[in-house]
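Reader: I should like to learn how to read a backbone feature and a nonpolar core in a structural model. Could we take them in turn?

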Amino acid sequence: FGLNKSKCKNKKGICVYSIKKKNKKKTCFPNKKFEHDCLQYTSRKKCVATKTCSYTKKMGCAHKCITDMEKILCKKVKKGKTATNICKFAITKNPCYRICCPV
């Protein structure tokens, strides 16, 4: 949307304007270097070949850094069989900071 604060207030129920820079809860997310759109892969072979994605029958292809993962597990996620950490556990930036976001 990207509407300013006054226009966003007129559209209550459709969008939200936030002045908080960061979210309160810490989450697990990929380092910038390892961000990848894993949903584009439909086959297990192509998904696992990226080494930053994992495949399950239930969910299909998804990134290894799952947002609701615990801190200890998040820090242990590696790229393939290497010792490179691909996930980060921290407070994320608010995507709706000073812009109008859909509810």
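Reader: Where is the place of Lys51?

Author: This is a predicted model. Lys51 lies in the loop that runs between helix 2 (44-49) and strand 3 (53-56).

Reader: What is the phi of Lys51, and how should one read the value?

Author: As a general idea, most residues other than glycine have a negative phi. Here Lys51, although not a glycine, has a positive phi of about 70°.

Reader: Is Lys51 buried, partly exposed or exposed?

Author: Lys51 has a relative accessible area of 44%. Lys51 is therefore partly exposed, because that class lies between the limits of 20% and 50%.

Reader: Which residues form the largest nonpolar core?

Author: In soluble globular proteins, nonpolar side chains tend to be buried together. In this model the largest nonpolar core comprises nine residues: Cys28, Phe34, Cys65, Met69, Cys74, Val77, Ile86, Cys87 and Phe89. A second, separate core has five residues, including Cys38, Tyr41, Cys53 and Cys61.

Reader: Which residues does Ile86 touch, leaving aside those up to four places away in sequence?

Author: Among them are Phe34, Cys65 and Val77, and also Phe29, Pro30 and His63.

Reader: What is the radius of gyration of the protein, set against a compact globule?

Author: The protein has 17 Å, whereas a compact globule of 103 residues would have a value near 13 Å. The C-alpha trace spans about 50 × 30 × 25 Å along its principal axes, and 28% of the 103 residues count as buried.

Reader: What pattern do the helices and strands follow along the sequence?

Author: The pattern is α-β-β-α-β-β-α-β-β, with three helices and six strands.

Conventions. Residues numbered from 1 in each chain as written. Predicted model: local features only at pLDDT ≥ 70, side-chain atom pairs only at ≥ 80, totals over all residues. Heavy atoms only, no water. Helix = DSSP H or I, 4+ residues; strand = E, 2+ residues; numbered from the N terminus. Buried < 20%, exposed > 50% of the residue type's maximum accessible area, 1.4 Å probe, protein only. Core = buried A, V, L, I, M, F, W, Y, C linked by side-chain atoms within 4.5 Å. Contact = heavy atoms within 4.5 Å. Rg over C-alpha atoms; globule rule 2.2 N^0.38 Å.
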